[in-house]
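Here is a small set of exercises to work through with the model open beside you. Try each task before you read its solution.

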Amino acid sequence: MEPLFKGKHFITLEEWTKEEIDKLLEVSKDLKHKFLNNVETDYLKNKTAFLMFFEQSTRTRNSMESGLAQLGGHATFLDTSMMQISHGESAKDTATILSSYGHGIACRNCFWQVGNKYLREMAAHSSVPIMNLQDDLYHPMQGLADLMTIQEVFGETKRVKVSIIWAYATSHKKPISVPLTQILLFPRYAMDVTLAYPKGYELPDWAVAKAKKNAEENGGTFRITHDMEEAFKGADVVIPKNWGSWVTNQSTAVVDDLLESYKGWKCTEEMIALASPNVKYMHALPADRGNEVVDSVIDGPHSIVYQEAENRLHTAKAVMAMTMGNK
Ligand code: CP
């Protein structure tokens, strides 16, 4: 397989054209087919990548680590608390040196107002592609898998009504990177996107402005509501998920009075009943069961969360196969 985007950083999908994203999706679907049919895909034979994690992960780490092995290469998992980063080594030195040892560097750094800057600093000094495994603003690996899943279920994405809905959770103060990535990406595929949240859980103004622009330029629509029920009504896809109040409150405290005042923002069967009869329930996972969503919805007939999570493997492999060619 020709690494068409050899050396291209994968930090946001905004820096990838629709044609490039379409190619990644085409490769993802091919890799999924081959994986399910036991066809060998050693497109990255003897290639290596470093996976740097400042935070916990289940899907992202394992889709990358297994994915690179399935492509014939090897991934090194790096807990950054065990690296010299924890003694203050710079992003520049880390990226320069790791890029001289392998063919790709992937990193998760979700610290508010730090993560994306850290990845960009590494990209400025790396001779190999930098892959964003989630930062404070973007989660392009998740966005790509979400788009693949919607395409698998609906075929044509034009006029698919997708509602990205804030939900109550107490597990941790989650980054805004999943909803932010989704509001930028889905309008580019002509979906009708609704963003719903209670006051205090705004996404940045620049992201909202860009989501509107992406909709205008690509035949989609984008609207904001503060009425949860309104967002569920008639939706083809609902993505009720928590994110933290980072834009209005930079405290790292997980639970505060504002959060507690919105306990009612939960995906229940009553909410699902307001949506299209064939509505699909999506969530990047992990879900805060009982808070964000009731078990009967996430385990019920409308849920496609496991298909969505499964597609993380195939999209991660596509990104690596297309960017990590010979240096
Ligand atoms: N959705 C997602 O990124 O999951 P992990 O945090 O487990 O990687």
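**Exercise 1. Find how far apart the C-alpha centres of domain 1 and domain 2 lie, and how the two domains meet.**

Solution. The C-alpha centres of domain 1 and domain 2 are 25 Å apart. Next, mark the division of the chain: domain 1 covers 13-139 + 314-323, and domain 2 covers 141-308; such bounds come from an automatic or database domain assignment. Finally, look at the meeting surface, where 29 residues of domain 1 are in contact with 29 residues of domain 2 (contact means heavy atoms within 4.5 Å).

A word on the ground rules: this is a predicted model, in which local features need pLDDT of at least 70 and side-chain atom pairs count only at pLDDT 80 or more, while totals for chains, interfaces and linings use all residues. Residues are numbered from 1 along each chain as its sequence is written, and side-chain values use heavy atoms, with hydrogens and water left out.

**Exercise 2. Describe the largest pocket: its volume and its lining.**

Solution. Start with the volume, about 620 Å³. A pocket here is an open set of points on a 1 Å grid over the protein atoms alone, where a 1.4 Å probe fits, with protein on both sides within 12 Å along at least five of seven lines; lining residues have an atom within 4 Å of a point. The volume is the space filled by probe spheres set on the points, which are joined across faces, edges and corners.

Now list the lining: 26 residues, with E55, C110, Q134, H172 and P175 nearest the pocket's centre. Sorted by class, there are 10 nonpolar, 9 polar and 7 charged residues (Ala, Val, Leu, Ile, Met, Phe, Trp, Tyr, Cys and Pro count as nonpolar, Asp, Glu, Lys and Arg as charged, and the others, Gly among them, as polar). Last, check the domains: domain 1 and domain 2 each supply at least three lining residues.

**Exercise 3. Trace the open sheet of 4 strands and explain why β2 and β4 each have one side without a neighbour.**

Solution. The strand order is β2-β1-β3-β4, with parallel pairing. Strands (E, at least two residues) and helices (H or I, at least four) are DSSP runs numbered from the N terminus, and two strands pair if DSSP finds at least two bridges between them. β2 (74-79) and β4 (130-135) are the edges and have a single partner strand each, so one side of each lacks a neighbour in the sheet. Next to β2 comes β1 (residues 48-53), paired with it over 6 bridges; one of the partners is F53, which bridges to D79 in β2.

**Exercise 4. Trace the open sheet of 5 strands.**

Solution. Read the order as β7-β6-β5-β8-β9, again with parallel pairing. The edges are β7 (221-225) and β9 (280-281), each pairing on one side only. Inside, 5 bridges connect β5 (residues 161-166) to β8 (residues 237-241), and W166 faces K241 in β8.

**Exercise 5. Which residues does a cis peptide bond join?**

Solution. The bond links L285 and P286, with omega of about 5°. P286 sits in the loop between β9 and α11 (295-298).
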